[in-house]
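Colleague: I am new to this one. Can we go through it feature by feature?
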Amino acid sequence: MSYHNVEILFVEDSTDDAALTIRALKKSGFTNKLHHVINGAEALDFIYCKGDYTSRSDQDFPKLILLDLKMPKVSGLQVLEKIKSDPVLKFIPIVMLTSSNESPDIEKCFELGANSYIVKPVDSDNFFNAVKEIGLYWMVLNQPPQ
Amino acid sequence: MKKNDSDELIIANRQIAFQHQEKENRAAELIIANKELVFQNEEKENRAAELVIANKELIFQNEEKEKRAQELIIANKELAFQNKEKEKRAQELIIANRELKNAEDDIRKLNDELEQKVIQRTAQLESVNKELESFSYSVSHDLRAPIRAINGYTRILVEDYSDKIDSDGIKILQSIINNSKKMGELIDDLLAFSKLGRKQVTLSEIDMTGLLQLIREELSFEDYENVPEFKIGILPNAKGDKSLIKQVWINLISNAVKYSKHKVKTNIEIGAYKKNNLVIYYVKDGGAGFDMQYYDKLFGVFQRLHSQEEFEGTGIGLAIVQKIVNRHNGTVWAESTLNEGSCFYFSLLSVNH
């Protein structure tokens, strides 16, 4: 598998949520190259070209990181903190995509520099629309620094 | 001789006469003395009689004294006995006092223990409460993911496999979607409700007229079959947490609109009146109403007085209203006549107090 030119890094430990999110993105017409990792540790390996990702170029940044909050090993908060405190990586937009609508979680994420916080809707219609909107906004409308 | 003798005789006579006189004098004196003696005897007898009487008296007095002495002895004995009793009582009192003091000490100790226990229990309750909250949070939180999966995968079946499933099968899949959606709503409501218990209530003066204006703008009923007409009275300001009280109004107004949907017209009256240091607000509708005999279920979590087919909903709205109003130390109540409408009231502290 090639790790080059990955536009969306998708960090999600739930296979089901991952399958539904990826399907929703594809159905909405986002054919951008997406890479799915199943925990925070792997996400950091990907970003910093370590472990399984040593062959990846560290000059190659995703356009968007979709980040789950509650994950085993390294949590979404830790990944967020690490990336947003890195002077080079902090410009990558990070959208938290999580089940938690707890105020402390939300506050903490924005404090650490998350660009957006989306609570995964239970209803598939709403879920589909939410994912579509995320794709549309961050991949099409949003203009990141070059 | 003659002369001498007669002289002598005269002298002797004179002497005899003198002696005689003397004898007579003495006799008279004796008589007097006798009389005196008689008198003295009489006196003595009198005195003797008096002495007899006095003696009798003395004897009587002595007897009396002896009697008194006897009585005194008895009285003394009694006193001694009483003294002993008193001492005994005093001893008893000392013991009783000691016991009382011990009892007091015990009570104080028990009180201290009780207080300690209350503090402990309160802490336990608080921690149990927190546990329960985090439990209800994590339960509802963790439940959302599988429901999302059920809902999502069923939709995939409907969307991508409809050529392999017949129309009955699609209907069943639709039911799964609807039910999982409903469960998601219930869980979200439960989450919202459990969050309320933890939310800090910040009191400030609420501009009620302004708040209602804002809510009227936010709640849009324009695509409704019968667009509700609102009659809003004068609303005095009150003390409350604005975002929470806004939720109360939204829930009550949404209910009023919802339960009027089977009527030809929807008229909703919103008003307030002052009572003592309280402002009582009300939302009145002419909708379906409810039977007052089920009143005690009205504000319960997930309690509903109408079927899902008649009026949709999870049954959390009024539970949230009650929880919010109670957290403001206010009260919420309702009056209703079946098929004629309901009026919901809630009280808040007025700003002057």
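Modeller: Start with the fold of chain A in this predicted model. Along the sequence, chain A runs β-α-β-α-β-α-β-α-β-α.

Colleague: How many helices and strands does chain A have?

Modeller: Five helices and five strands.

Colleague: How do I read burial, and what share of chain A is buried?

Modeller: Count neighbours. A residue is buried if 20 or more other C-beta atoms lie within 10 Å of its own. In chain A, 34% of the 146 residues are buried.

Colleague: What share of the contacts in chain A join residues at least 24 apart?

Modeller: Set aside the pairs that sit close in sequence. Take contacts between residues at least 6 apart in sequence; in chain A, 67% of these join residues at least 24 apart.

Colleague: Now the contact between the chains. How many residues does each chain bring?

Modeller: Chain B brings 13 residues, and chain A brings 13 residues. On the chain B side, two elements give two or more residues: α1 (2-160) and α2 (167-198).

Colleague: Which element gives the most on that side?

Modeller: α1(B), with ten residues.

Colleague: What classes of residue make up the side of chain B that touches chain A?

Modeller: Sort them by class. That side has five nonpolar residues, four polar ones and four charged ones.

Colleague: What confidence values come with chain B, and what does the whole model score?

Modeller: Look at the residues, then the model. Chain B has a mean pLDDT of 88, and 99% of its residues reach 70 or more. The model scores ipTM 0.81 and pTM 0.60.

Definitions and conventions
Residues numbered from 1 in each chain as written. Chains lettered and ligands numbered in written order. Predicted model: local features only at pLDDT ≥ 70, side-chain atom pairs only at ≥ 80, totals over all residues. Contact = placed C-beta atoms within 7 Å. Helix = DSSP H or I, 4+ residues; strand = E, 2+ residues; numbered from the N terminus. Nonpolar A, V, L, I, M, F, W, Y, C, P; charged D, E, K, R; others polar. Buried ≥ 20, exposed ≤ 12 C-beta atoms within 10 Å, placed from the backbone. pLDDT = per-residue confidence, 0-100.
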